[in-house]
Amino acid sequence: MRDTQGQAWPLARLVAHMPETLLCQAAPIEILRRVTSRRWVAVLLSALFFGSLHTIRGGPHQAVAAFGSGLVFGLLYVRARRLGPMHG
């Protein structure tokens, strides 16, 4: 008998991260871009928001990592104007 539980894990992680990315990164960037004409401000504030959310369960180390990835993914999103690069 084969253990198939581990095979679904990568797909489950991808599906779980899509709403998180939409709500915590793409949506704040789009809202902030309407408020400020500077894209870097929108990306920076979105990354701060993303990092602060990860402080709750992951502590400061996870917050710093989430802030860094939020910057990278935010810049990719602003440049490409789609979510594809975030999950590719």
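User: Before counting anything, what are helices and strands taken to be here, and how many of each does the chain have?

Analyst: Helices are DSSP runs of H or I with at least four residues, while strands are runs of E with at least two, and both are numbered from the N terminus. The model is a predicted one, and, read along the sequence, its chain follows the pattern α-α-α. Counted in this way, the chain has three helices and zero strands.

User: Which helix gives the most residues to the largest nonpolar core?

Analyst: The largest nonpolar core is made up of six residues, namely A26, I29, A42, V43, Y77 and V78. Both α1, which covers residues 9-35, and α2 supply at least two residues of this core. With four residues, the helix that gives the most to this core is α2.

User: Where does L45 lie, and is L45 buried, partly exposed or exposed?

Analyst: L45 has its place in helix α2, which spans residues 39-80. Buried means under 20% relative accessible area and exposed means over 50%, with partly exposed in between. Because its relative accessibility is 40%, L45 counts as partly exposed.

User: How much accessible area does the nonpolar surface patch that includes L45 have together?

Analyst: On the surface, L45 joins W40, L44 and L48 in forming a nonpolar patch. Taken together, these residues have an accessible area of about 390 Å².

User: What share of the chain's residues count as buried, and what share of its exposed area comes from carbon and sulfur atoms?

Analyst: The chain holds 88 residues, of which 25% count as buried. The chain exposes about 6400 Å², and the share of this area supplied by carbon and sulfur atoms is 64%.

Technical notes. Residues are numbered from 1 along each chain as its sequence is written. This is a predicted model: local features need pLDDT of at least 70, side-chain atom pairs count only at pLDDT 80 or more; totals for chains, interfaces and linings use all residues. Side-chain values use heavy atoms; hydrogens and water are left out. Patches are made of residues with over 30% relative accessible area and no salt bridge: like charges are joined within 9 Å, nonpolar side chains (Val, Leu, Ile, Met, Phe, Trp, Tyr) within 5 Å. Accessible areas come from the Shrake-Rupley method with a 1.4 Å probe; for residues, only the protein chains shown count as cover. A salt bridge is a side-chain nitrogen of Lys or Arg within 4 Å of a carboxyl oxygen of Asp or Glu. Buried means under 20% relative accessible area, exposed over 50%, partly exposed in between (1.4 Å probe, protein chains only). A nonpolar core is a set of buried Ala, Val, Leu, Ile, Met, Phe, Trp, Tyr and Cys residues joined through side-chain atoms within 4.5 Å.
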